[in-house]
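Trainee: I'd like to learn how to read helix packing. Could you walk me through it?

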Amino acid sequence: MSIESVLHENRVFEPSADFVKNANVSGMSAYNALCKEATDDFQGFWAKLARELLVWNKPFTKTLNEDNAPFYKWFEDGELNVSANCLDKHLNTIPNKVAIIFEADDGSVTNVTFKELYHRVCQFANGLKKLNLTVGDRVIIYLPMGIDAVVAMQACARLGLTHSVVFGGFSAKSLNERIIDAGAVAVITSDGQFRGGKALPLKPAVDEGIAMGGCESIKNVVVLKKTGQEITWNQNGNANNIWWHDLIAGQADTCEPVMLSAEHPLFLLYTSGSTGKPKGVQHSSAGYLLHAMNSMRWTFDVKDNDVFWCTADVGWITGHTYVAYGPLAMGVTQVVFEGIPTYPDAGRFWQMIQKHKVSIFYTAPTAIRSLIKASETTASTHPKSYDLSSLRLLGSVGEPINPEAWMWYYENVGGGHCPIVDTFWQTETGGHVITPLPGATSLVPGSCTLPFPGIDIDVVDETGKDVPWGTGGLLVIKKPWPSMIRTIYNDPERYKSSYYPVDLGGKIYLAGDGAVRDAKTGNFTIMGRIDDVLNVSGHRLGTMEIESALVSNPLVAEAAVVGKPHDIKGESVVAYVVLKGQRPEGEELKKIVAQLRDWVGKEIGPIAKPDEIRFGDNLPKTRSGKIMRRLLRSLAKGEEITSDISTLDNPAILDQLKEVVK
């Protein structure tokens with residue numbers, strides 16, 4: 001397929017002369033020079049960056065070890081500490097510079113300097129030492145957005161504990177699965193969290209998750225007192241409950257960082273796969289931090305006087321790289337926000353940019369689309385009602401942004417002068433892999449443009465052969481590079497089969513997305529997932545996870561889940577369900593829909609609740625019993641089915657599945 005048939009886009013926006021002049025990567029000649037340097041001496045390119053950006057306790061002498069491909073290692077004989085690279089190195093240079101401007105859900109603001117943050121991290125790390133944790137132990141972090149979440153992550157990094165952050169919107173079942181898979185020994189949580197003016201519980205989900213069984217490895221649950229809600233205490237089996245404030249009482253506010261191998265697992269982050277079980281993506285220390293820093297420098301063009309704001313929660317990879325690690329390591333002042341973009345009204349983001357004089361703003365297309373809708377109905381929440389003159393750069397993350405949303409963002413938020421870096425990357429890459437560099441790249445609405453320098457990314461067919469520009473295919477990364485996933489925790493075979501399939505030679509990374517390159521410019525446009533993973537409001541959800549949750553309900557015999565386009569969320573969840581009993585009708589059917597939606601919310605989390613549930617006596621299957629999902633996708637979109645259904649065993653079922661329960 002040609003890119004024209006996908007995008008129909010001929011608008012191009014060049015960076016201004018002033019932006020180019022002052023940019024960290026200035027002009028396409030500079031971008032091309034970096035790409036050539038990486039091509040000419042691949043290992044030397046990354047080694048030079050690692051020596052330039054990271055503070056090493058023991059310098060590395062070996063850059064890349066590919067003896068056991070695809071289990072690549074970078075800088076493996078070097079030693080450093082990630083937290084020291086984020087905090088300690090600033091103590092003699094910018095100790096009193098504001099590190100975090102934290103705005104709570106209720107609008108109250110707390111500023112923390114780099115020195116103050118260092119002391120808070122050290123004090124909490126000293127508290128964790130009392131729990132007899134050892135280097136390499138896994139710790140679950142289940143906290144609301146805020147300074148304390150960053151402190152917990154940094155304290156784990158300081159001690160060599162491998163953290164696994166679980167998004168605060170995930171359910172007790174999701175927590176249970178992650179605790180068991182990681183073999184975690186501690187949970188750091190809070191009594192609750194504030195969102196949209198409401199206090200929501202967190203600790204009860206931890207209690208429930210542990211009570212589900214299989215969590216005997218948990219010895220301690222540390223609880224932050226935040227909302228003041230009543231919670232149960234010491235009812236977690238063998239786990240001891242301890243308040244955060246009691247843990248740090250009397251602790252020193254300095255703590256020597258543990259020096260670790262460059263390949264030490266900094267964190268596990270669980271992401272949805274096309275099978276039911278979430279995958280524990282494991283990232284290294286040095287390679288991950290290197291790219292977090294370098295993408296801050298090149299993609300976001302950060303300067304010493306910038307105020308950076310990434311709106312992502314630390315429960316996702318974006319919040320890891322561009323909240324908890326990248327900005328701190330680069331010594332940049334950043335805004336951290338607890339609430340939601342529509343509370344107390346849909347002007348919240350613009351009001352905060354105005355108040356904190358944000359210069360770099362990084363958010364998701366989902367948020368942009370929802371705020372477009374709100375601004376059309378209420379003039380007072382339109383970005384043009386606020387002073388956004390501090391902005392100099394905008395970013396987009398989480399899913400492809402459609403061209404019209406891009407244009408609205410560019411004109412109404414950026415005032416027609418702020419470049420937009422439309423970044424493509426994944427949990428598995430740790431940072432940007434395709435993105436404009438704002439002082440170099442021509443911007444095309446809806447396209448993430450060109451590869452980040454040093455990343456050999458392309459489009460191939462099912463055999464791994466390059467396809468001509470202008471032709472769709474599979475997105476792949478052909479060479480290893482430092483920030484890539486190291487393995488799937490406890491499942492190396494799944495790592496190889498998921499990301500380095502034999503069909504592509506076993507050494508080429510398969511991103512799992514379809515893509516096309518513009519026939520003239522080589523710009524990339526991402527076409528969507530090639531597996532059964534949905535992108536709902538920028539969150540990856542496996543269809544198999546949702547199906548498994550539905551089938552675990554006693555009413556359900558069988559289920560199939562697909563996505564369909566949604567104006568705000570990108571994709572919405574559509575479930576086709578076969579019940580064990582007779583298909584009910586009318587009000588009874590509506591009750592069952594509500595029950596099943598709540599069930600999925602409890603099993604996985606509210607973001608996974610199906611927007612539509614349709615019922616049939618069966619699902620459309622081939623004579624060999626395979627569900628024909630392409631037909632279900634067509635039905636979800638309301639399309640007429642004109643394709644060949646001669647292999648379908650039960651064509652009459654399609655009429656049943658057209659019916660939407662309102």
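Trainee: Which residues in H6 meet which residues in H7?

Mentor: A contact here means heavy atoms within 4.5 Å. On the H6 side you have Leu117, Tyr118, Arg120, Val121, Cys122, Phe124, Ala125, Leu128 and Lys129, and they meet Ile147, Asp148, Val151, Ala152, Gln154, Ala155, Cys156, Arg158 and Leu159 in H7. By class, that contact holds 13 nonpolar, one polar and four charged residues. Keep in mind that this is a predicted model, where local features need pLDDT of at least 70, side-chain atom pairs count only at pLDDT 80 or more, and totals for chains, interfaces and linings use all residues. Residues are numbered from 1 along each chain as its sequence is written, and side-chain values use heavy atoms, leaving out hydrogens and water.

Trainee: At roughly what angle do the axes of H6 and H7 cross?

Mentor: Axes are lines fitted to C-alpha atoms over the stretch in contact, with angles from 0 to 180 degrees between N-to-C directions. Helix H6 (residues 114-129) and helix H7 (residues 147-159) cross at roughly 60°, and their axes come within 8 Å. That makes H6 oblique to H7 (oblique covers whatever is left after under 35 degrees, over 145 and 65 to 115 are taken out). Their crossing is right-handed, meaning the near helix is turned clockwise from the far one by less than a right angle.

Trainee: And how do H14 and H15 pack?

Mentor: Helix H14 (residues 365-377) and helix H15 (residues 403-413) have axes 10 Å apart, at an angle of about 70°. H14 and H15 are therefore roughly perpendicular. Ile368, Arg369, Leu371, Ile372 and Ser375 of H14 make the contact with Ala405, Trp408 and Tyr409 of H15.

Conventions:
Helices (H or I, at least four residues) and strands (E, at least two) are DSSP runs, numbered from the N terminus. Ala, Val, Leu, Ile, Met, Phe, Trp, Tyr, Cys and Pro count as nonpolar, Asp, Glu, Lys and Arg as charged, and the others, Gly among them, as polar.
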